[in-house]
Amino acid sequence: ELTNIEKYLNLALNEGVQPITIIRAISRHFSVLHYVVGLIEDGESLDKLTASLRPPIFFKRLSDFRKQTAIWNPLRLSQALDMLMRSERECKTTGLPTTAICSRALLRIGTAARSAQKQT
């Protein structure tokens, strides 16, 4: 949910997690999601794919991951990954506040997910 993005971002930042670390973690998640969604479109079984992932999806997150495979398509995932790469680069090169860059990236992803969910 969009309302939770800032809440959880602030929790992570207050724990000392750096914005670039957050962006990279989200990028890794989206890379796995992109891989799985692409194979699902090629006819693979979601159950088999999730069982074969290494490292495995944490069991408490598996239900959310499954929902995400239904919401996101490969094009939207590619766009999200591109945006995350640009955000990481901006954090490293622009001198802009990295927290603001990270927050903006997460909100854009949340907005894209909400939009995609309405279309399914």
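**Exercise 1. Determine how Glu88 is paired with Lys92, and locate the two residues relative to each other.**

Solution. Glu88 and Lys92 form a salt bridge in which the closest N and O atoms are 2.8 Å apart. The structure is a predicted model, and the distance is therefore a computed one, to be judged against the cut-off of 4 Å between a side-chain nitrogen of Lys or Arg and a carboxyl oxygen of Asp or Glu. Next, consider the positions in sequence: both residues belong to helix α5 and are four residues apart, which means a separation of about one helical turn.

**Exercise 2. Identify which side chain besides Lys92 is linked with Glu88 in a network of salt bridges, and state what the additional pair connects.**

Solution. Step one is to find the partner: the side chain of Arg24 meets that of Glu88 in a salt bridge, at 2.8 Å from N to O. Step two is to assign the elements. Glu88 is part of helix α5 (residues 74–93), whereas Arg24 is part of helix α2 (residues 19–41), so this pair ties together parts that lie 64 residues apart in sequence. Step three is to assemble the result: Arg24, Glu88 and Lys92 are linked in a network of salt bridges.

**Exercise 3. Classify Glu88 and Arg24 as buried, partly exposed or exposed.**

Solution. The limits needed are under 20% relative accessible area for buried and over 50% for exposed, with partly exposed in between. Glu88 has 15% relative accessibility and is therefore buried. Arg24, at 37%, is partly exposed.

**Exercise 4. Describe the salt bridge between Arg66 and Asp47, including its place in the chain and the accessibility of both residues.**

Solution. Begin with the geometry: the closest N and O atoms of Arg66 and Asp47 are 2.1 Å apart. Arg66 sits in helix α4 (residues 62–71) and Asp47 in helix α3 (residues 46–52), so the salt bridge ties together parts separated by 19 residues in sequence. For accessibility, Arg66 has a relative accessible area of 29% and is partly exposed. Asp47, with 47% relative accessibility, is likewise partly exposed. As a final step, place this pair in its setting: the structure holds five salt bridges.

**Exercise 5. Characterise the surroundings of Ala105.**

Solution. Ala105 is located in helix α6 (residues 98–119). Its relative accessibility is 1%, and Ala105 is therefore buried. When neighbours within four places in sequence are left aside, the contacts of Ala105 are Met83, Leu84 and Ser87. A further distance concerns Ala80, which is 25 residues from Ala105 along the chain; the C-alpha atoms of the two are separated by 8.8 Å.

**Exercise 6. Give an account of the chain as a whole, from its helices to its surface and charges.**

Solution. First, count the elements: the chain has six helices and zero strands. In sequence order the pattern is α-α-α-α-α-α. The radius of gyration is 15 Å, close to the 14 Å that the globule rule gives for 120 residues, so the chain is as compact as a globular protein of that length. The C-alpha trace spans about 45 × 25 × 25 Å along its principal axes.

Second, turn to packing. Of the 120 residues, 31% are buried. Among contacts with a separation of 6 or more, 71% join residues 24 or more positions apart.

Third, examine the surface and the charges. The accessible surface is about 7700 Å², and carbon and sulfur atoms account for 55% of this area. There are 17 positive and 11 negative side chains, and the centres of the two sets lie 3 Å apart.

Note on methods. Residues are numbered from 1 along each chain as its sequence is written. This is a predicted model: local features need pLDDT of at least 70, side-chain atom pairs count only at pLDDT 80 or more; totals for chains, interfaces and linings use all residues. Side-chain values use heavy atoms; hydrogens and water are left out. Helices (H or I, at least four residues) and strands (E, at least two) are DSSP runs, numbered from the N terminus. The radius of gyration is taken over C-alpha atoms; the globule rule is 2.2 Å times the number of residues to the power 0.38. Buried means under 20% relative accessible area, exposed over 50%, partly exposed in between (1.4 Å probe, protein chains only). Contact means heavy atoms within 4.5 Å. Accessible areas come from the Shrake-Rupley method with a 1.4 Å probe; for residues, only the protein chains shown count as cover. Lys and Arg count as positive and Asp and Glu as negative; His and the chain ends are not counted. The place of a charge is taken as NZ of Lys, CZ of Arg, CG of Asp or CD of Glu.
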